[in-house]
Amino acid sequence: MTAELVRVFGRIGLLSFGGPAAQIALMHKELVETRDWLSEEQFLRALSFCMLLPGPEAMQLATYAGWKRQGIIGGLIGGGLFVLPGAFVILALALAYGTYGNLPVVQALFLGVKATVVVIVIEALIKISKRALIRPEHSLIAIGGFLALFCFALPFPLVIGVAAIIGAMLTTSEYEAPPTKPANLSGSLRIILIGGLIWAAPLALAGALNQSFLIEVGLFFSTLAVVTFGGAYAVLAYMTQEVVVSYGWLTTAQMMDALGLAETTPGPLILVTQFVGMIAGMAKGGTGMALLAGAMTLWVTFVPCFIWIFAGAPLIDWLDGRPRLRGALAGITAAVVGVIANLTLWFALHVFFSGVAPVDWGPVQTIRPILDTAQPLAVVLAGIAAALLLWRHWSLAIVLPLCAALSLAASYATGTA
């Protein structure tokens with residue numbers, strides 16, 4: 001059985017391009033349609049549960065499917081093989097980028113990548129809006145989330161927490177349902193305790209070796225792992241603000257390059273954190289530190305995903321009877337629309353203008369473009385990407401390299417590459 005799990009989830013991991021929707025569709029085909037490892041009801045219930053959790057829902061769904069098939073060993077195989085192919089690709093890309101990323105030719109290529117990334121985020125915003133803004137109050141939560149982040153620079157975890165509370169309050173108690181069966185909370189708490197110790201082990205080792213940079217990396221991405229509701233797009237602006245402004249590990253341009261490269265790899269988009277950790281490590285201490293920082297980032301980002309599934313999967317039926325929890329999720333999902341709208345505008349300003357200036361006006365803390373730094377080529381490339389992705393529905397695997405090539409050709413034509 002183990003060999004079959006490795007074969008099936010290895011295939012899923014290698015083919016998991018295209019973001020959560022495509023990845024979930026692939027798993028449905030492999031696990032429900034082609035094999036009878038999960039029934040339709042089990043698959044949908046597990047997916048709903050994974051959407052309640054912080055972290056990449058597709059990876060957690062793979063972990064659940066493996067757990068359902070062969071317990072914890074199966075879960076480790078399912079989730080691990082979903083992540084590892086993309087992690088190896090990111091490792092190679094990050095090392096290459098750290099060595100060659102400053103060359104004019106590479107920068108010319110990445111202008112096309114960044115312009116495409118703006119359209120990719122717009123596409124994610126459109127898709128999530130259709131799913132999340134079901135009721136009028138959800139639209140108000142989304143608008144509030146956007147204003148809180150873009151205009152007032154409030155912390156992302158605070159925005160998500162308030163949205164969860166509002167969502168839960170909007171679900172009236174008359175709809176509460178009793179648990180479908182008793183919950184084994186002691187078993188789940190034991191898994192959380194043991195998993196938490198495993199999660200913290202590399203941090204303890206870094207502390208014992210007095211590696212302050214690795215401790216910073218581990219603590220930051222551990223925090224990020226707990227607040228990544230709504231997928232990678234939801235936390236990118238928060239992550240960028242922290243790694244660029246607070247820590248100074250990367251520049252804004254490097255963060256956008258990281259997202260563009262992560263879009264080209266299999267596996268969850270949150271692997272962008274591995275790229276960030278490696279580039280920060282390379283700047284701090286060369287290739288060796290890059291490898292250590294990347295390993296630390298992967299560990300603290302994905303170990304929690306296994307903990308949530310192994311602790312929570314046995315409680316799925318019990319959680320299914322908790323409408324207020326679902327209301328909190330609906331509030332978070334609505335806020336994520338505003339979060340991604342903030343990310344879209346933030347990315348667009350940094351791509352279409354080479355300079356932005358801070359705006360501090362009382363409680364308002366935001367940014368504005370410096371108009372004479374406009375980049376017309378980026379606007380044109382974004383228009384081409386929008387036409388191909390949103391109108392013609394071309395594959396991202398075609399559009400991303402095409403826009404990069406067009407950017408390079410234009411740079412050669414103008415003598416800037």
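## Helix 5 and helix 16

Helix 5 crosses helix 16 in a right-handed sense. This is a predicted model, so treat everything below as a description of that prediction.

Where do the axes of helix 5 and helix 16 come within 7 Å, and at what angle do they cross? Look along residues 104-132 for helix 5; its axis crosses that of helix 16 at roughly 135°. The two helices are therefore oblique to each other. On the helix 5 side, the residues in contact include Val105, Ala108, Leu109 and Gly112. They belong to a group that meets residues of helix 16, among them Leu396, Val399, Cys403 and Tyr412.

## Helix 15 and helix 16

Helix 16 (residues 396-414) has another partner to look at: helix 15, which covers residues 376-391. The axes of this pair come within 10 Å and cross at roughly 155°. An angle over 145 degrees counts as roughly antiparallel, and helix 15 and helix 16 are therefore roughly antiparallel to each other. Their crossing is right-handed.

If you would like to find the contacts on screen, start with helix 15, where Leu377, Leu381, Ile384, Ala385, Leu388 and Leu389 take part. Across from them, helix 16 offers Leu396, Val399, Leu402, Cys403, Leu406, Ser407 and Ala410. Leu396, Val399, Cys403 and Ser407 of helix 16 also appear in the contacts with helix 5.

## Helix 6 and helix 14

Now turn to helix 6 and helix 14 (residues 323-352), whose axes lie 7 Å apart. They pack at an angle of about 40°, and are therefore oblique to each other. Here, too, the crossing is right-handed.

Helix 6 brings His138, Ile141, Ala142, Gly145, Phe146, Leu149 and Phe150 to this meeting. Among the helix 14 residues they meet are Ala330, Gly331, Val337, Asn342 and Leu349.

## A nonpolar patch on the surface

Helix 6 also has a part in a nonpolar surface patch, as does helix 7: each supplies at least two residues. Which residues make this patch of about 750 Å²? They are Leu140, Ile143, Leu147, Phe152, Leu154, Leu158, Val162, Ile166 and Leu170.

You can place Ile143 in helix 6, which spans 136-150. Helix 7 (156-170) is the next one to find, and with four residues it gives the most to the patch.

## Salt bridges

How many salt bridges does a search of the whole structure find? The count is five. One pairs Glu30 with Arg11, and their closest N and O atoms are 2.7 Å apart. Glu30 sits in helix 2 (residues 19-34) and Arg11 in helix 1 (residues 2-15), so this pair ties together parts that are 19 residues apart in sequence.

Methods: Residues numbered from 1 in each chain as written. Predicted model: local features only at pLDDT ≥ 70, side-chain atom pairs only at ≥ 80, totals over all residues. Heavy atoms only, no water. Patch = residues over 30% accessible without salt bridge, like charges linked within 9 Å, V, L, I, M, F, W, Y side chains within 5 Å. Areas by Shrake-Rupley, 256 points an atom, 1.4 Å probe, with all protein chains shown as cover. Salt bridge = Lys/Arg side-chain N within 4 Å of Asp/Glu carboxyl O. Axes fitted to C-alpha atoms, helices over the stretch in contact; angles between N-to-C directions. Parallel < 35°, antiparallel > 145°, perpendicular 65-115°, else oblique. Left-handed = near helix turned anticlockwise from the far one by under 90°. Contact = heavy atoms within 4.5 Å.
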